[in-house]
Amino acid sequence: MTIPREELAKVVERVWKRSKECSMCLTETSWILGSMMELRAFHGGALTEGCSVTPVIPLTCPHCGYTHLLSAVTLGLIDRETGKRVKR
């Protein structure tokens with residue numbers, strides 16, 4: 001499922017109230033906004049049927065690679081029950 005980068009950027013800007021400084025390398029930066037991804041529990045490297053999936057949006061520091069993962073469910077982009085995109 002793809003959510004337009006512009007929509008993701010608006011949501012991130014709405015919730016990010018602090019400085020854009022990286023907490024790892026302390027550089028004031030413009031974070032790299034990635035595409036929505038799935039975060040799964042690790043089961044020895046194998047895909048496990050029925051395993052829960054958490055949709056996340058990565059924000060990566062271009063200087064050191066430190067990455068924040070934002071929950072697409074908590075941000076209201078994905079419905080927790082259906083796993084479908086919430087239209088805004």
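How many bridges pair strand β2 with β3, and in which sense, parallel or antiparallel? The views below come from a predicted model, and the first of them gives the answer.

**View 1. Strand β3 and its partners β1 and β2.** Strand β2, made of residues 37-40, pairs with β3 over four bridges, and the sense is antiparallel. One place to look is E38, whose bridge partner in β3 is P55. Strand β1 covers residues 32-33, and two bridges join it to β3, which spans residues 53-60. These two strands also run antiparallel. Within β1, L33 has L59 of β3 as its bridge partner.

**View 2. The hairpin of β3 and β4.** Strand β4 consists of residues 67-71 and pairs with β3 in the antiparallel sense over five bridges. Two facing pairs can be picked out here. I57 stands opposite L70 of β4, and T60 stands opposite T67 of β4. Between the two strands of this hairpin there are six residues. G65 sits in the turn and has a positive phi of about 90°.

**View 3. The largest nonpolar core.** This core has 17 residues, and the members that touch the most others are I57 and L77. Helix α1, residues 5-15, and strand β3 each supply at least two residues of the core. The most comes from α1, which gives three residues. In soluble globular proteins, nonpolar side chains tend to be buried together.

**View 4. The two sides of helix α1.** Which residues of α1 are buried? They are E7, L8, V11 and V12. These four lie on the same side of α1 because they cover an arc of only 135° around the axis. The other side of the helix has E6, K10 and E13, which are exposed. Among the elements that cover the buried residues of α1 are the strands β1, β3 and β4.

**View 5. T29 and its surroundings.** T29 belongs to the loop between α1 and β1. Is T29 buried or exposed? Its relative accessibility is 9%, so T29 counts as buried; the cut-off for buried is under 20%. Apart from neighbours within four places in sequence, T29 is in contact with K20, C61, P62 and H63. With H63 there is also a polar contact, 3.5 Å long, between the two side chains. L8 of the helix is 21 residues from T29 along the chain, and the C-alpha atoms of the two residues are separated by 18 Å.

**View 6. The cysteines C22 and C64.** How many disulfides does the structure hold? The number is zero. C22 is in no disulfide, and the nearest cysteine sulfur to its own, that of C64, is 3.7 Å away. Why is there no bond between C64 and C22? The sulfur of C64 has its closest cysteine sulfur in C22 at 3.7 Å, which is too far for a bond, because a disulfide needs the two sulfur atoms within 2.5 Å. The two residues can also be described by their accessibility. C22 has a relative accessibility of 0% and therefore counts as buried. C64, at 39%, counts as partly exposed.

**View 7. L26 in the loop between α1 and β1.** L26 has its place in this loop. Its phi is near 65°, a positive value in a residue other than glycine. The relative accessibility of L26 is 56%, so this residue counts as exposed. T29, in the loop between α1 and β1, counts as buried at 9%.

Definitions and conventions: Residues are numbered from 1 along each chain as its sequence is written. This is a predicted model: local features need pLDDT of at least 70, side-chain atom pairs count only at pLDDT 80 or more; totals for chains, interfaces and linings use all residues. Side-chain values use heavy atoms; hydrogens and water are left out. Two strands pair if DSSP finds at least two bridges between them. A nonpolar core is a set of buried Ala, Val, Leu, Ile, Met, Phe, Trp, Tyr and Cys residues joined through side-chain atoms within 4.5 Å. Buried means under 20% relative accessible area, exposed over 50%, partly exposed in between (1.4 Å probe, protein chains only). The arc is that of the directions from the helix axis to the C-beta atoms. Contact means heavy atoms within 4.5 Å. A polar contact is a pair of N or O atoms within 3.5 Å; within protein, one must be able to donate a hydrogen and the other to accept it, and residues adjacent in sequence count only if both atoms are side-chain atoms.
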